[in-house]
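Student: I'm new to this structure and would like to learn how to read it. Could you walk me through a few features?

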Amino acid sequence: MKQNIKKTLLIATVVGAFFFAFALLGCDADTETDANGTGGTNGDAQQVFRIGIVQPIEHPALDDVYRGFLAELADQGYIEGENLELDFQNAQGDSATLSTIADRFVNQDKDLVLSIGTGPSQTMAAKTTTMPILGAAITSFTVAELVDSNEVPGGNVTGTSDMAPVVKQTELLMELLPDAQTVGFIYNSSEANSVEQVSLIKAELESRGLDTREVAVTNTNEVQQAMASLTRDVDVIYTPTDNTIASAMAMVGEISLESGVPVIPGASTMVEEGGLATAGVDYYELGRVTALMAIDLLHGADPATMPVRIMTEESTIVINGEVAEALGIEIPASLQDYVITD
């Protein structure tokens, strides 16, 4: 009888030890899964975030936003094909295509949509009030009626603004061209943000005693005639970060050289294509800042309470040295450090 009891106790001890060891192995497996970042305590697969990206046209400034966005995501550990699924679409300037892209993103229930530019952001916002929309390179979110206020957006849209530093641009224009008396403006009157920028810098220039003229266009086909008209009446031309003018900037630069009338554009990429100079936003850096906001949104932040980031303080001066030389403009010593040449 005692021998049978000993055998029973021995078997129970062995079985208990087996189950205890199995439990420890299970705990270690779960812990290792967490340490590798591939899931929770149940060993769930790593989450893959799905981001839809829409851009209205191909242009260096907008392309820089996209490149900066991807670079910052990668630096923060978000890699396409691993924990990130990107769906990039370019509307090629067509509003119907833009609407189709927006419908697709909504139907696919993306975790987040990056809409580069005002038009794509407005189109996306008209399609959904629940999906997080992160606008980028938008001059004024309030003028575009995308948010209640920059401080408290109030809906599903927030993002980064490329509002031009109008005071800094005005001071740059006057320092480079101290004899200028009349400033011309060329912009697309259907782009609300362009109208806003022109209104702001026009008021700044007029407050300093300069005269102004303006010509509005509705598409790129009208740019050449508008430029020809302006160059007869002004000393310098200003154009905001306008998608229509930006896409025709090479032609604008050629007319500037032919007429001898310099162009101060709103973006540094437009300077590289023939403008004289600007104090503008670094769009690559804007893309990086937008990416940091995207990460917060992907992890549960509420766009309704996430303030719009305005990049005015991060603006940089860029001067095209070759254009200045071709136009016979002497660059002051105080601005020499900002000169770029090919």
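Student: Which residues of helix H9 are buried?

Tutor: This is a predicted model, and in it the buried residues of H9, which spans residues 249–259, are Met249, Val252, Gly253, Ile255 and Ser256.

Student: Why do the numbers go up in steps like that?

Tutor: Here is the general idea: an α-helix has 3.6 residues a turn, so residues three or four places apart point the same way. In this case, the buried residues of H9 cover an arc of only 165° around the axis, which means they sit on the same side of the helix.

Student: What covers the buried residues of H9?

Tutor: To answer that, look for the elements in contact with them. The cover includes two helices that come before H9, H7 (223–231) and H8 (243–247), as well as strand E9 (263–265) and helix H10 (268–272). Just after H9 you will find Gly260, with a positive phi near 80°.

Student: Which residues of helix H4 are buried?

Tutor: For H4, residues 118–127, they are Thr118, Pro120, Ser121, Thr123 and Met124. Their cover includes strands E1 (49–55), E3 (112–116) and E4 (133–138), along with helices H3 (95–107) and H6 (192–207).

Student: Let's turn to strands. Which way do the residues of strand E8 point?

Tutor: With a strand, follow the side chains one by one. In E8 (residues 236–239), Val236 and Tyr238 point one way, while Ile237 and Thr239 point the other way. All of them are buried.

Student: Which strands does E8 pair with?

Tutor: Bridges tell you about pairing. E8 pairs with strand E6 (residues 182–188) in the parallel sense, over 3 bridges, and Val183 has Val236 of E8 as its bridge partner. E8 is also joined to E9 by 3 bridges, and these two strands run parallel as well. There, Tyr238 has Ile264 in E9 as its bridge partner.

Student: You mentioned a glycine with positive phi. Which residue in strand E4 has a positive phi although it is not a glycine?

Tutor: That is Ala137, with a phi of about 60°, and its place is in E4. Glu145 is not a glycine either, and has a positive phi of about 60°. You will find Glu145 in the loop between E4 and strand E5 (157–161).

Student: Is Ala137 buried or exposed, and is Glu145 buried or exposed?

Tutor: Compare each value with the cut-offs: under 20% relative accessible area is buried and over 50% is exposed. Ala137 has 9%, so this residue is buried. Glu145 has 71% relative accessibility, so this one counts as exposed.

Terms used: Residues numbered from 1 in each chain as written. Predicted model: local features only at pLDDT ≥ 70, side-chain atom pairs only at ≥ 80, totals over all residues. Heavy atoms only, no water. Buried < 20%, exposed > 50% of the residue type's maximum accessible area, 1.4 Å probe, protein only. Helix = DSSP H or I, 4+ residues; strand = E, 2+ residues; numbered from the N terminus. Contact = heavy atoms within 4.5 Å. Arc of directions from axis to C-beta. Pairing = 2+ DSSP bridges.
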